[in-house]
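This report describes how two chains meet in a model, and then turns to two annotated segments.

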Amino acid sequence: MGHLAAAIVVLAVGLSLYYASRQIDYEWRWERVPHYLVETGGTEIPAPFDGTVKFAPDGQSLTLTPLLGGGEPVTVAGFDRIEVSDGDIVFAGNTLGREHGWSAGPLAIGLWMTLKISLASLVFALILGLVVGLGRVSRRVVSRDLAALYVEVIRGTPLLVQIFIFYFFIGTVLSLSAFAAGVAALSVFTAAYIAEIVRGGIEAVPRGQTEAARSLGMSAFQAMRHVVLPQALRSTSPALAGQFINLIKDSSLVSIMALTDLTKAGREVVSSTFSPFEVWFCVALLYLALTGTLSFAVRRLERRLDRHD
Amino acid sequence: MTDARLLIEVRHVDKCFAGTGTQALKDVSLSIHAGEVICIVGPSGCGKSTLLRTLNVLEPVSAGEVWIEGVSVHARGARLDRLRTKVGMVFQQFNLFPHLDVLENLMLAPVKVLRQPVATVRARALALLEQVGLADKARSRPGQLSGGQQQRVAIARALCMQPDVMLFDEPTSALDPEMVGEVLDVMRDLALKGMTMCIVTHEMVFARAVGTRAVFMEAGSIVWQDAPERFFSNPENARLRAFLGQAG
């Protein structure tokens, strides 16, 4: 019953949005959207050097004779469509023809960049967050102070500003690439939140667990590594998964740097096609697919772990 | 008894808790020789658990000295982790590792701390589970076991380190009455096999039957100690008499 009611509400909202969009002067071109994801135009085959084109008798290949100073003629083959004529003079890089097949469209390339930057940031954020989280619960005052300062500074400043600082200041000083600067900014930002989750998880493990481990002769490190941390990470895995989903969404902010992630790709496609509505819906759906896959995977993993308990 | 090996000795130990400023131990001295089964009794809050926890330095002392197997734990460079491998401990709340199964609970420390070969440790762990009557629970998680079973696993876990002495901190206090017996049986078994034990307990009948020495603590001090027979049936100390009268 409840599901049906929810479905009706969603449908109603969707329909009213649809009719609202009919009121404005906008031409929907949904049929174009797939091309932004997958290009079917084929891959270009460029001329390797300046030369004269001569068709082979079979029509499937051609020979290119260098223009100046001679050199050996080269045979180019593998065309599905030739786009030059017999006897043409072409220059290096000119398109000789196309090879059929699919290639990634701008949105797919952007999606791949978003995935790469998210995964790289996730790995570093997890390591850094673990270190800072352990620092928060350390017996050493120095570690506790430094970790607390880190968390306060990072959580107290906007991610966008941090990205600017990483890109313009730290990126310049250390001459980082845009990708490295983006990964660094996202990792440092997310690690502050992961550190707090890790700290909460560790503090939630009963003291008796550490005492039992120490009474068995384990060092403080061994007790943390074999007894406390596994329990802490297990109990905080929903919160960690939420943080990873945030990371994927936050990665859209790196599009202000010279990095063509999914959001930047969306903006570029919009500026060349003037179809902002379709493109942004499509971009949102792609983000949703990423985060949805991640939370599904985490739920599966949790259920697997639960079965062992 | 005096010529037996001295395993743990505390001399003139004080313990103050920093936060509250309460003094839990006042000038306590106790020595544990090989083969002894020492039962510590006393009203709650008298410091008996604190004393037990100083014996393996889970609780550092404020003053006085602790010696484990002839090594002072205060000496610079004293390796506390190493010393603790010689001293097994069983807690009131079991403190089994919930993310590991029973066999893994037993094997973790011998493999990771003593670096013994897995096959050797596994064989010993299985034999110990047999000994405490839980051979069929090797692959269970602690959460699937009753309190009595968990405490027996905890005893086996401590034994798997092959300690020279075992400390028990009120091992039956958190158990339902019908499970107390199975844990005490395991402990009695252990005493008969010659294990050196120091037990904080409220089980007077057990202490009298199994103990080789009984110790009475009150307000952070050892008030009286004696052979269990005299200690329980004919106590020569007025405060002990009053305590045993209350305890029934």
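In this predicted model, A:Arg214 and B:Asp81 are joined by a salt bridge, with 3.2 Å between the closest N and O atoms. The count of salt bridges between chain A and chain B is two. Seven residue pairs are in polar contact across the interface of chain A and chain B, with both residues at pLDDT 80 or more.

On the side of chain A that touches chain B, helix 7 (207-215) and helix 8 (220-235) each supply at least two residues. Helix 7 of chain A gives the most to this side, with seven residues. By class, the side of chain A that touches chain B holds nine polar, six nonpolar and three charged residues.

For the contact as a whole, chain A contributes 18 residues and chain B contributes 24 residues. About 1800 Å² is buried between chain A and chain B, and 58% of that area lies on carbon and sulfur atoms.

Chain A also carries an annotation from a record. The unreviewed UniProt entry gives "transmembrane region" for residues 109-134 and 277-298 of chain A. The table sets out the computed values for these segments.

| Segment of chain A | Helix | Strand | Distance between end C-alpha atoms |
|---|---|---|---|
| Residues 109-134 | 100% | 0% | 37 Å |
| Residues 277-298 | 100% | 0% | 32 Å |

Residues 109-134 of chain A are thus 100% helix in the model, and residues 277-298 of chain A are likewise 100% helix.

Terms used. Residues are numbered from 1 along each chain as its sequence is written. Chains are lettered from A and ligands numbered from 1 in the order in which they are written. This is a predicted model: local features need pLDDT of at least 70, side-chain atom pairs count only at pLDDT 80 or more; totals for chains, interfaces and linings use all residues. Side-chain values use heavy atoms; hydrogens and water are left out. Contact means heavy atoms within 4.5 Å. Buried area is the accessible area (1.4 Å probe) that two parts lose on being put together, summed over both. A salt bridge is a side-chain nitrogen of Lys or Arg within 4 Å of a carboxyl oxygen of Asp or Glu. A polar contact is a pair of N or O atoms within 3.5 Å; within protein, one must be able to donate a hydrogen and the other to accept it, and residues adjacent in sequence count only if both atoms are side-chain atoms. Helices (H or I, at least four residues) and strands (E, at least two) are DSSP runs, numbered from the N terminus. Ala, Val, Leu, Ile, Met, Phe, Trp, Tyr, Cys and Pro count as nonpolar, Asp, Glu, Lys and Arg as charged, and the others, Gly among them, as polar. UniProt positions are given in the numbering used here, feature names are shortened, and annotations may be inferred rather than shown by experiment.
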